[in-house]
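Visitor: Hi, I have just opened this one and could use a walk through it. Could we start with the ligands and then move on to the helices and loops?

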Amino acid sequence: MVPQLDSFIGGRFRRGPRAFPDIHPVDGSTVACVTEATADMVDEAVSAARGAVAGDWGRTTVRERAAALHRIADAIEARFDEFVAREVADTGKPVALASRLDVPRAAANFRIFADVIKTACVESFHTEMPDGRAALNYAVRKPLGVVGIITPWNLPLLLLTWKVAPALACGNAVVVKPSEETPWTATLLADAMRTAGIPDGVYNVVHGFGPGSAGEFLSSHPEIDAITFTGETRTGAAIMAAAASTVKPLSFELGGKNAAVVFADCDFDETIDGLADAVFLNTGQVCLCAERVYVERAVFEHIVGALKERAEALAPNLGPLISAQHREKVLSYYRLAREEGACVETGGGVPQFGDRRDNGFFVEPTILTGLPESARCVKEEIFGPVCHIAPFDSEDEAIAKANDTLYGLAASIWTSDLKRAHRVAAQMRAGITWVNCWFLRDLRTPFGGVGLSGIGREGGLHSLNFYSALNNVCVKL
Ligand code: NAD
Ligand code: 6OD
């Protein structure tokens, strides 16, 4: 018997009438059985959240909420190994990665927003009118109410807590809809919430799918005050349409087709280390991954050769893709790349292990060269362990190529010339530009994308400003 994962509504686990399997991507086995929330259950979750905001939770002070967030982080850390095991069961990612990235970041997300909310300032103006009257204007930060949170499968706990923490810091209650592929850590977080003494109804989980299921019920729900979503651009558009008639704030972190720009003067070893992460971390299933690498011609062959070596060395320890369906999507791009005339420098297929992993969803890390900039493999997000590497001859050409995308999430620049780094960074059409590093995060900084990569910014005060309503008070003096 596999464990059953139920929705969590008003402080109680609630079984839905229909069940679906939670599949382990390493070998295709079923690790849990998830019960899907009905429309009525989503209504109940929203009511429970509204009740919490109207009740004790709505009366908490900033100090009390900051302490509560630290207790949630403590509860995650106390069950660190269990969170790692559940994340690994759902995603198939290596234990080392979940232990280094996903679970520590979940705790850090609660701690940072506990700190940020305590020091967050609001505007105040001393107003002087031409007729001699004066006033004091000051803003008051209030919760929005009930926030709907819809998240993807690639960094399930990290991306969920990145939204839950600031939403709770601002005094909201939340209804979360984790990806159907990765339901486990959102469910385990419900236990951590109980341990941390978070009142019933503040954190609710509804399991299910997107269209015609919990995702759509939540995004079209008239009683939800705001929606924050991370996932595919196409899904963001569907959520925007579903939410339109009940006008509400939306925050979207969407897809990317990110560029890395490598200059001949880069620190070669540091760049190869950085690129290996930027292309292959989490089997390329990070929205920030570089799927387009532009390399100054003088070092092109050298970089292609070294990254190829790195890909081949990484291959045996790379985790699987999330699902059979996603693997088919990635493999369809591997086939398309050949049709489009790519040279496959390494990879391009499915590895054979001779053990249970042959039933899993693995693909080979893949490096492509030789495609024109117009190729679909250079234009469309693949979301796998693959990049296309192309040469460039001038800084302007590199910038133009990097910016030639409808997305605009992240970019990285690799050079020892800091003047050039600042100059090129300023011209990148992306929400985040890293110089000589990748995915190095300060959680106070603005995080988000332009174009098809999203709407709004998360991080530090930017998150607080999304999850709260600023009310201005004008006092005549
Ligand atoms: P997805 O859009 O398929 O699913 C994300 C969530 O939306 C899931 O919970 C899903 O059930 C739900 N959903 C799907 N259709 C819906 C609908 N019509 N209404 C309401 N909810 C719906 O994304 P995914 O495949 O889980 O994740 C991969 C994608 O996410 C990639 O495109 C990646 O770039 C993007 N992503 C972006 C960021 C970022 O910060 N910009 C971070 C992680 C992932
Ligand atoms: O680091 C973060 O805060 C963040 N939102 C990362 C997103 C990664 C996308 O897959």
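Guide: One definition before we begin: a residue is near a molecule if one of its heavy atoms lies within 4 Å of it. Please also keep in mind that this is a predicted model.

Visitor: Okay, so which residues surround ligand 2?

Guide: By that cut-off, ligand 2 is surrounded by Arg105, Asn154, Leu155, Leu159, Trp162, Val286, Cys287, Leu288, Phe439, Arg441 and Phe447. Sorted by class, this shell has eight nonpolar, one polar and two charged residues.

Visitor: And where are the polar atoms that lie 2.8 Å or 2.7 Å from an oxygen atom of ligand 2?

Guide: Asn154 places a polar side-chain atom 2.8 Å from an oxygen atom of the ligand, and Arg441 has a polar side-chain atom 2.7 Å from an oxygen atom of ligand 2. Cys287 takes part through its backbone, where a polar atom is 2.8 Å from an oxygen atom of ligand 2. Taken alone, ligand 2 exposes 300 Å², and the protein buries 99% of that.

Visitor: What about ligand 1, which residues come nearest to it?

Guide: There are 31 residues around ligand 1, and the nearest of them are Lys177, Glu180, Thr235, Leu254 and Glu381. In the side chain of Thr235, an N or O atom is 2.6 Å from an oxygen atom of ligand 1, while a backbone N or O atom of Leu254 lies 2.5 Å from a nitrogen atom of the ligand. Trp153 also has a polar side-chain atom 2.8 Å from an oxygen atom of ligand 1. On its own ligand 1 exposes 850 Å², of which the protein buries 92%.

Visitor: Switching to helices, how far apart are the end C-alpha atoms of α11?

Guide: They are 22 Å apart, and this agrees with expectation because the 16 residues of α11, residues 324-339, should span 22 Å at 1.5 Å a residue.

Visitor: Which residues of α11 are buried, and what do they pack against?

Guide: The buried ones are His326, Arg327, Val330, Leu331, Tyr333, Tyr334, Leu336 and Ala337, and they pack against β16 (366-369), α12 (376-379) and β17 (386-392). Just after the helix, Gly341 takes a positive phi of about 100°.

Visitor: And what comes before it, say around Ser323?

Guide: Ser323 lies in the loop between α10 (300-314) and α11. It counts as buried because its relative accessible area is 8%, and the cut-off for that word is under 20%. A polar atom of the Ser323 side chain lies 3.0 Å from the backbone nitrogen of His326. If we leave aside neighbours within four places in sequence, Ser323 is in contact with Glu181 and Phe361.

Visitor: You mentioned α10, so which of its residues are buried?

Guide: In α10, the buried residues are Phe300, Ile303, Val304, Ala306, Leu307 and Ala311. They pack against β13 (258-262), α9, β14, β15 (343-346), β16 and β17.

Visitor: Last topic: which residues other than glycine have a positive phi?

Guide: Two to look at are Asn282, with a positive phi of about 55°, and Asn436, whose phi is near 55°. Most residues other than glycine have a negative phi. Asn282 sits in the loop between α9 (268-280) and β14 (290-296), whereas Asn436 is found in the loop between β19 (432-435) and β20 (454-455).

Visitor: Is Asn282 buried or exposed?

Guide: Asn282 is buried, with a relative accessible area of 7%.

Key
Residues numbered from 1 in each chain as written. Chains lettered and ligands numbered in written order. Predicted model: local features only at pLDDT ≥ 70, side-chain atom pairs only at ≥ 80, totals over all residues. Heavy atoms only, no water. Helix = DSSP H or I, 4+ residues; strand = E, 2+ residues; numbered from the N terminus. Expected span 1.5 Å × (residues − 1). Buried < 20%, exposed > 50% of the residue type's maximum accessible area, 1.4 Å probe, protein only. Contact = heavy atoms within 4.5 Å. Polar contact = N/O pair within 3.5 Å; in protein donor to acceptor, adjacent residues only side chain to side chain. Areas by Shrake-Rupley, 256 points an atom, 1.4 Å probe, with all protein chains shown as cover. Nonpolar A, V, L, I, M, F, W, Y, C, P; charged D, E, K, R; others polar.
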